[in-house]
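I opened the notebook to record what I looked up in this structure. The entries follow the order in which I checked things.

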Amino acid sequence: MLIGELSRRTGVRPRMLRYYEEQGLLDVRRGPNGYRSYDEEAVVTVRQVRALLNAGLSTEVIRSVLPCARGERPEIDMCVDLRAVLGRELAATEERIDELRRSRDTLAGYLT
């Protein structure tokens with residue numbers, strides 16, 4: 001399928017699909033005319049990428065997670081080293097939450 005069809009089927013703009021390609025998240029072939037061509041699996045891959053982005057993962061981390069992802073949701077098989085990668089991401093997210101709570105408490109203190 002061409003990029004426009006993939007965009008329609010996933011709800012992701014072509015510009016973002018090209019970005020996923022640049023980041024190594026999405027496989028693409030080029031036809032003789034130079035047009036991007038995607039296989040049916042690209043729909044699932046794009047939905048996986050979107051779900052993982054919504055979980056707060058960077059495209060760099062997603063690149064290491066995708067080989068272990070199954071289905072659109074996705075389900076994650078704990079491939080080698082993946083547990084450590086996701087553990088680090090969770091710890092970093094928890095730290096950001098703590099920082100935001102401290103900021104919120106400080107701001108609330110200014111208002112009282």
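Which residue forms a salt bridge with R73? I noted first that the model is predicted. Then I looked up the partner and found E75, with the closest N and O atoms 2.3 Å apart.

**Entry: accessibility of that pair.** I checked how far each side of the bridge is open to the surface. R73 has a relative accessible area of 63%, and because exposed means over 50%, I wrote it down as exposed. E75 has 43% relative accessibility, so I listed E75 as partly exposed.

**Entry: the salt bridge count.** I looked up the total for the structure, which is nine salt bridges. I followed two others in detail.

**Entry: E40 and R9.** The side chains of E40 and R9 form a salt bridge, with an N to O distance of 2.4 Å. I located both ends: E40 lies in the loop between β2 (36–37) and α3, while R9 belongs to helix α1. The two residues are 31 residues apart, and the pair links distant parts of the chain. R9 has a relative accessibility of 32%, so I entered R9 as partly exposed.

**Entry: R101 and D98.** Here the side chains meet in a salt bridge at 3.8 Å, N to O. I asked myself why R101 and D98 are separated by about one helical turn. The reason I wrote down is that they are three residues apart in helix α5. I then looked up their accessibility. R101 stands at 44% and counts as partly exposed. D98 stands at 31% and also counts as partly exposed.

**Entry: helices α1 and α3.** I had already met α1 as the helix that holds R9, so I looked up how α1 is placed against α3. Helix α1 covers residues 3–10 and helix α3 covers residues 41–54. Their axes come within 10 Å and cross at roughly 50°. Is that parallel or oblique? An angle under 35 degrees would count as roughly parallel, and 65 to 115 as roughly perpendicular, so I recorded α1 and α3 as oblique to each other. I also noted that their crossing is right-handed.

**Entry: a nonpolar patch.** I went back to the surface and asked which residues make the nonpolar patch of about 430 Å². I found L107, Y110 and L111. L111 is in helix α5, which spans residues 82–111. Its relative accessible area is 77%, so I marked L111 as exposed.

Terms used. Residues numbered from 1 in each chain as written. Predicted model: local features only at pLDDT ≥ 70, side-chain atom pairs only at ≥ 80, totals over all residues. Heavy atoms only, no water. Patch = residues over 30% accessible without salt bridge, like charges linked within 9 Å, V, L, I, M, F, W, Y side chains within 5 Å. Areas by Shrake-Rupley, 256 points an atom, 1.4 Å probe, with all protein chains shown as cover. Salt bridge = Lys/Arg side-chain N within 4 Å of Asp/Glu carboxyl O. Helix = DSSP H or I, 4+ residues; strand = E, 2+ residues; numbered from the N terminus. Buried < 20%, exposed > 50% of the residue type's maximum accessible area, 1.4 Å probe, protein only. Axes fitted to C-alpha atoms, helices over the stretch in contact; angles between N-to-C directions. Parallel < 35°, antiparallel > 145°, perpendicular 65-115°, else oblique. Left-handed = near helix turned anticlockwise from the far one by under 90°.
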